[in-house]
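Q: Could you take a close look at one strand for me and tell me how it sits among its neighbours? I'd like the packing around it too.

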Amino acid sequence: MQNSKQVDVGIMIYGKPYQTAVSLHTLYKYSKQHINKIYVTFEKVQPFGFDMDELKALLEGLPVVYNVSERFFGFQNLSSNSIKQKLKFLIPSYRKSVRYQYAWEEAKMPYLFLMHNDMLFSGDLIGKYLDVIGTDIAAGSIGQCWNCPAFNKGCVDQQYYDYRPSSQELLELYKDWPHDRASSMGLLGEGKVSWPLPECRLNEFVALFNIPAARKLVFPRGKARLFGLKNSIDFGIPWFQDISHMGIKLRHTSYDTHAEHGWCSNHAGGTQSLTNENLYVREEEIAKTYFEENCK
């Protein structure tokens with residue numbers, strides 16, 4: 001086990017002060033021996049009366065560096081490879097407003113751990129990832145397999161790199177598939193990318209990067225799109241497609257023995273509560289109770 005402080009942490013905040021506080025305090029409880037700085041970036045726009053100063057008070061005692069994005073992109077699809085879009089990304093304030101990008105560029109340590117603000121840690125996940133990353137550019141869980149018709153039909157986790165169906169084979173797989181985000185978004189058919197599969201990505205809710213190596217691959221230094229960009233399906237997919245087409249294979253490493261994602265929403269993820277105030281308040285109440293009982 002490695003014990004030196006060689007990891008910076010990056011997190012993007014859109015609401016959820018108590019879920020954020022639980023996420024970062026439980027992370028620090030188990031992994032503080034690895035952590036140098038925690039880069040907290042607030043979205044320029046916030047939901048439901050979010051109070052930035054309230055969250056700062058909850059994070060007191062943690063080694064936090066704060067930043068506020070200058071633009072708000074929300075769930076916009078900025079994944080176009082057009083010259084116009086690339087020129088926009090040459091503007092630092094524009095580029096650093098993309099999810100995780102401020103921490104990606106500002107981190108000083110050799111590793112960067114990116115995470116969502118609806119995590120609950122029960123063990124040293126950073127240490128686990130450090131133990132397995134080796135010479136890879138990243139470590140984390142691969143794929144949104146629960147949304148993919150190829151799951152356990154030739155592909156799962158680590159097999160993503162070798163499972164390469166044709167466009168027609170992928171269309172056949174998606175016939176009668178209930179989670180049809182790819183087909184509804186027009187991502188299937190002749191001339192469309194069939195590998196990596198549409199839902200495949202490095203899941204960005206907990207991922208560790210060998211950041212000097214990863215930065216070299218990503219715009220503006222490399223050809224891969226920014227890690228935090230969203231296509232018509234989800235965040236991180238454009239980056240994953242680009243590095244896969246460069247011949248870079250990632251090692252699947254599960255997080256679920258050390259952390260829970262979306263723990264206030266019965267592991268359904270936190271997206272629904274961002275547009276449903278009643279659900280948002282209910283999840284925050286759960287997190288507040290946990291915080292007061294376990295994190296003070």
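**Strand E1 and its surroundings**

A: Let's start with a pairing: Val7 of E1 has isoleucine 35 in E2 as its bridge partner. Keep in mind that this is a predicted model. The chain gets from E1 to E2 by way of helix H1 (residues 17-31), and this β-α-β crossover is right-handed. E1 and E2 (residues 35-42) run parallel, with 6 bridges joining them.

E1 also pairs with strand E4 (residues 111-115): there the two are parallel again, joined by 5 bridges. Within that pairing, glycine 10 is opposite leucine 114 of E4.

How covered is E1 itself? Residues 7-13 make up the strand, and 7 of its 7 residues are buried. That goes for both faces: Val7, Val9, Ile11 and Ile13 are buried on one side, while Asp8, Gly10 and Met12 are buried on the other.

Now for the packing further out. The largest nonpolar core has 47 residues, and Trp104, Leu202, Phe209, Trp239 and Leu250 have the most contacts inside it. E4, the partner of E1, is among the elements that each supply at least two residues of this core, as are helix H5 (101-106) and strand E7 (202-210). The biggest giver is H10, with 4 residues. Leaving aside residues up to four places away in sequence, tryptophan 239 touches Trp104, Leu202, Phe209 and Leu250, among others including Arg225. There's also a second, separate core of 43 residues, whose members include Val22, Met115, Leu125 and Tyr255.

Key: Residues numbered from 1 in each chain as written. Predicted model: local features only at pLDDT ≥ 70, side-chain atom pairs only at ≥ 80, totals over all residues. Heavy atoms only, no water. Buried < 20%, exposed > 50% of the residue type's maximum accessible area, 1.4 Å probe, protein only. Pairing = 2+ DSSP bridges. Right-handed = clockwise from strand over helix to strand, strands pointing away. Core = buried A, V, L, I, M, F, W, Y, C linked by side-chain atoms within 4.5 Å. Contact = heavy atoms within 4.5 Å.
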